[in-house]
Amino acid sequence: MGVVLRTATIDDVSLLEKWDEDEEAASWGGDDDNYDWDYELPRSVEWREFLIAEVDSVPVGMVVIIDALQEESHYWGDDAPQNSWAIDIWIGESEYRSKGHGTKMMEEAFTLCFSKHGARSIVIDPLQSNTRAIAFYRRLGFKEVGPRQFGDDECLVMSFTKPDDLTPVSA
């Protein structure tokens, strides 16, 4: 059950828009979670990666990794820790949910954040009402930082610190 992450391209727009319309997936995210894919995918910025997760060459989900300090909207605040990256994931294809793919997606995202981007920590912000996601992140080793309001969304900020035995490799 391997998960491969590949860079999202403009050819993925219709798939991403379909996933944005999924009611179950939409209930996990906040008010501002939909991107203008036609605009964002062609943009190349050093502080963000849009990645499609594939299982056996089938696109099943999305991973977004963002430098929490460098991203342009300052969503995480001007005081975001140096070398802290944020991860957002979702599985867009319902038949691939609850099968362990989210864990594999996070493992691949950890590798990118720590090894490629030199992150010291990873932050996430599930909705406080999304107890299933919070339990998932706790199982992965995330610790609660505390509640935080992002726009109209009541979130729980959680953080994962890079293990000492993980040495970054050059990209």
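Start with two strands in this predicted model: select E4 (residues 84-91) together with E5, and you'll see a parallel pair joined by three bridges. To find one partner, click Trp85, then look across to Ile122 in E5. Now trace the chain between the two strands: from E4 the path goes through helix H4 (residues 101-116) and on to E5, a β-α-β crossover that is right-handed.

Stay on E5 and show the side chains of residues 121-124. Which way do they point? Ser121 and Val123 go one way, Ile122 and Ile124 go the other, and all of them are buried. That fits a general pattern: in a regular strand, side chains alternate between the two faces of the sheet.

Next, add strand E7 (residues 153-161), which runs antiparallel to E5 and is joined to it by four bridges. For a spot to zoom in on, pick Val123 and find Ser159 standing opposite in E7.

Time for some rings. The whole structure has 14 aromatic pairs. Select Phe110 and Phe160: their ring centres are 4.6 Å apart and their planes sit at 45°, so this pair counts as tilted. Phe110 belongs to helix H4 and Phe160 to strand E7, so the pair ties together parts of the chain that are 50 residues apart in sequence.

Are these two rings buried or exposed? Phe110 is buried, at 12% relative accessibility, and Phe160 is buried too, at 13%.

For the last stop, keep those two selected and add Phe114, Phe136, Tyr137 and Phe142: ring pairs link these residues with Phe110 and Phe160 into a cluster.

Key
Residues numbered from 1 in each chain as written. Predicted model: local features only at pLDDT ≥ 70, side-chain atom pairs only at ≥ 80, totals over all residues. Heavy atoms only, no water. Buried < 20%, exposed > 50% of the residue type's maximum accessible area, 1.4 Å probe, protein only. Pairing = 2+ DSSP bridges. Right-handed = clockwise from strand over helix to strand, strands pointing away. Phe/Tyr/Trp six-rings, centres within 6.5 Å; stacked < 30°, edge-to-face > 60°.
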